Amino acid sequence: GAGELCVPCSRGLECTADTCVQCSACQPGTFKDSQEPRPCTACPANTYGILPGSTSLQTGCLSCPVRSTTRGATGSQGSEACLCLEDFYLAVNELDRVRECKRCPQGGLSADGKCVIASENLMQALERASLVGEWARQADGSFELQSCPPGHELVKEVLGVFSHDTQVCRRCQPWEYILNSQTDS
């Protein structure tokens, strides 16, 4: 009828129907930065979106944490799409929920270089990979080696300072013995 006018959807909006009568917000993981007759654009690889209706790449697509990747996927929704590189694991801080990929401690790597402590089912993974020692998650999401079995030395310091990356249960040499500070003198 008279007075009807066809106009493209505004920034942050797209039309998904064949015959458009109403524009809808771009889905999280996409954005549209201009008023053109085109759909929203997927966020590039190694980024993710969390809010609908994003109007720019800069505001709509957040970078994955350092040392993580979407493994080539575009249009990712949520930081869960960012997976840590192979020899890193995801540490989520309990207080502020900040996600960080931390290097797998030396004692948390399997013989083939995979970060076993990063597995969803830690106990099963430890048994399969025959890692030595007891590991526990800390409040900041990182893993810390708690104890080692008899015949092993707990190593988690370099020059007297805690070193997350070098934590390992080192097997004692045949000419060494373990001094248990609680029982031996």
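The following paragraphs describe the strand pairing, the salt bridges and a nonpolar surface patch of this structure, which is a predicted model.

A convenient starting point is the pairing of two strands. Strand β9, residues 88–92, and strand β10, residues 99–103, run antiparallel to one another and are joined over five bridges. One of the residues involved is Phe88, whose bridge partner in β10 is Arg103. The two strands form a hairpin with six residues between them, and within this hairpin Arg97 adopts a positive phi near 60°. As background for reading such strands, side chains in a regular strand alternate between the two faces of the sheet.

Lys102 also falls within the residue range of β10, and the side chain of Lys102 meets that of Glu100 in a salt bridge, with an N to O distance of 3.9 Å. This distance satisfies the criterion because the cut-off for a salt bridge is 4 Å. The two partners differ in their exposure class: Lys102 counts as buried because its relative accessibility is 18%, below the 20% limit, whereas Glu100 is partly exposed, at 35%.

The model contains six salt bridges by this rule. Another of them connects Arg170 with Glu153, whose closest N and O atoms are 2.7 Å apart. Arg170 belongs to strand β16 (residues 168–171) and Glu153 to strand β13 (residues 152–155), so this contact ties together parts that lie 17 residues apart in sequence. Both side chains belong to partly exposed residues, with a relative accessible area of 31% for Arg170 and 32% for Glu153. Elsewhere, salt bridges with shared partners join Asp33, Glu36 and Arg38 into one network. Within that network, the side chains of Arg38 and Glu36 meet at 3.2 Å, N to O. Arg38 is partly exposed at 25% relative accessibility, and Glu36 is likewise partly exposed at 36%.

The surface also carries a nonpolar feature. Ile50, Leu51 and Leu62 form a patch there, with about 270 Å² of accessible area together. Leu51 is located in the loop between β5 (47–48) and α1 (57–60). Leu51 is classed as exposed because its relative accessible area is 54%, above the 50% limit for that class.

Terms used
Residues numbered from 1 in each chain as written. Predicted model: local features only at pLDDT ≥ 70, side-chain atom pairs only at ≥ 80, totals over all residues. Heavy atoms only, no water. Patch = residues over 30% accessible without salt bridge, like charges linked within 9 Å, V, L, I, M, F, W, Y side chains within 5 Å. Areas by Shrake-Rupley, 256 points an atom, 1.4 Å probe, with all protein chains shown as cover. Helix = DSSP H or I, 4+ residues; strand = E, 2+ residues; numbered from the N terminus. Buried < 20%, exposed > 50% of the residue type's maximum accessible area, 1.4 Å probe, protein only. Pairing = 2+ DSSP bridges.
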